[in-house]
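Hi everyone, thanks for making time for this. Let me put the structure up, and then I'll walk you through how its helices and sheets are arranged.

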Amino acid sequence: MNSISQPVVSPPVNPSRSDWGARAVRRIEADYNRSADTHLIPVDMPALAGIALYLKDESSHPTGSLKHRLARSLFLYALCNGWIDEGTTIVEASSGSTAVSEAYFARMLRLPFVAVVPRSTAPEKVEAIEFHGGRCHFIDRPGDAYDEAQRLAASLGGHYMDQFTYAERATDWRGNNNIAESIFDQMKREPCPIPRWVVCGAGTGGTSATIGRFVRYNLHDTRVCVADPEASVFHRHWVDRRVQTTSETPSRIEGIGRARVEPSFIPGVIDRMEVVADVASIAAARVLSRRLGRRCGGSTGTNLWASAVIASEMAAAGERGSIVSILCDHGDRYGSTYFNPDWLAANGLDVAPWEARMEAFFRDGRLPD
């Protein structure tokens, strides 16, 4: 019986599985493999026996902020989804730090990068974006950033990275070297290795989602507090899920607090919201900078103020334990703003009484009302 040979048909090739994309993933992973983890810094609090405060120093990343982790995850997520390829223009809406980090990775992959940022963004951040080869597209109203970034990406035939939607999706919260896994691993040899509280801010909501999910997945007896600027909608939404936006004057604390509830903000994994005035955040950042011998940014001050509130409550209740928070970025990015007396005066911010309250916390172990 004669057989009829059938033609061999090759399976279709997915055009998104490009050689360039594979090389790009390897390049980012090699960069990560060359990088050391960030330090966990104990903060000296002799007045609070039995309560320890640690700061996860994210300013030591190559791009100087917590957003370096996010930018890496967003690029890998987009590459593995087939959303970007050789020559794709990357566009991002940002208050500055995420754009700095994304510009770093875009330059690594030789991709054009455009950051849609508020005109009020600290000049030092703009300079850092441009140093890494990015271009800034300025807007007057922060709320316009989303639509403008989407429009710009479409007009350039590029990809809108959209950190506010994908921050909580791009990070593997179960492990895989995320910030939560790093914190708990570094705490293992401390006197109170499982923190009573982890305190962080929310810009996209990705960090609080990662930490909150990791804590629950690993059954840790740890609570998550989000420190939020007064003008932000997040603490309002946490109390009442029907609240989706706020018309408050935007916060002066760059990187955290939003006027709309971002898709990556997951309120169900948060145990507490602590509302912090902008002037308190700036004062706390200035006090901490003096104690550390180097500057840290305003969002770190927000975290510190909330941590001081919690530590004061723990001390009053006779509780012991550890609190871990985040040193988000370098304060050198805010030399023209938070550390500039003329800028403070022009914005009506009298930090002296608030600095005195934070100094009293470190001296006495209580944050005065």
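Let's start with a pair of helices. Helix 10, residues 278–292, packs against helix 13, residues 352–364, with the two axes 8 Å apart and an angle of about 50° between them. That angle makes helix 10 oblique to helix 13. The crossing of helix 10 past helix 13 is right-handed. Before I go on, please keep in mind that this is a predicted model.

Who makes the contact? From helix 10 we have Val279, Ala280, Ala283, Ala284, Arg286, Val287, Arg290 and Arg291, and from helix 13 come Trp354, Glu355, Met358, Glu359 and Phe362. Sorted by class, the contact of helix 10 with helix 13 has eight nonpolar and five charged residues, and no polar ones.

Now, what else does helix 10 touch? Helix 10 lies across strand 2, strand 8 (223–229), strand 9 and strand 10, and it runs at about 90° to strand 9. Helix 11, residues 298–316, lies across strand 2, strand 7 (197–200), strand 8, strand 9 and strand 10. Its direction is about 170° to strand 10.

That brings us to the sheet itself. It is an open sheet of six strands, in the order 1-2-10-7-8-9, and the pairing is mixed. Which strands stand at the edges? They are strand 1 (40–43) and strand 9 (272–276); each has a single partner strand, so one side of each is left without a neighbour in the sheet. From one strand to the next, the twist averages 25°.

If you'd like one pairing to look at, take strand 2, residues 51–57, and strand 10, residues 321–327: they pair in the parallel sense over seven bridges. For a single bridge, find Leu55, whose partner in strand 10 is Ser325.

There is another sheet to show you. Four strands form this open sheet, in the order 5-4-3-6, with parallel pairing. Here strand 5 (135–139) and strand 6 (159–160) are at the edges, each with a single partner strand, so one side of each lacks a neighbour in the sheet. Inside it, strand 3 (residues 90–93) and strand 4 (residues 113–118) pair in the parallel sense over four bridges. You can spot Ile90 standing opposite Phe113 in strand 4.

Two more helix pairs, and then I'm done. How do helix 3 and helix 4 cross? The axes of helix 3 (residues 97–108) and helix 4 (residues 123–131) come within 8 Å, crossing at roughly 10°. With angles under 35 degrees counted as roughly parallel, that makes helix 3 roughly parallel to helix 4. On the helix 3 side are Ser97, Ala99, Val100, Ala103 and Arg107, which meet Lys125, Ala128, Ile129 and Phe131 in helix 4. Those residues divide into six nonpolar, one polar and two charged.

The other pair is helix 2 (residues 67–80) with helix 6 (residues 163–170), whose axes come within 9 Å and cross at roughly 85°. Helix 2 and helix 6 are therefore roughly perpendicular to each other. Helix 2 brings Lys67, Leu70, Ser73, Leu74 and Tyr77 to the contact, while helix 6 brings Gln163, Tyr166, Ala167, Arg169 and Ala170. By class, this contact of helix 2 with helix 6 has six nonpolar, two polar and two charged residues.

That's my tour, and I'm happy to go back to any part of it. Thanks, everyone!

Terms used:
Residues numbered from 1 in each chain as written. Predicted model: local features only at pLDDT ≥ 70, side-chain atom pairs only at ≥ 80, totals over all residues. Heavy atoms only, no water. Pairing = 2+ DSSP bridges. Helix = DSSP H or I, 4+ residues; strand = E, 2+ residues; numbered from the N terminus. Axes fitted to C-alpha atoms, helices over the stretch in contact; angles between N-to-C directions. Contact = heavy atoms within 4.5 Å. Parallel < 35°, antiparallel > 145°, perpendicular 65-115°, else oblique. Left-handed = near helix turned anticlockwise from the far one by under 90°. Nonpolar A, V, L, I, M, F, W, Y, C, P; charged D, E, K, R; others polar.
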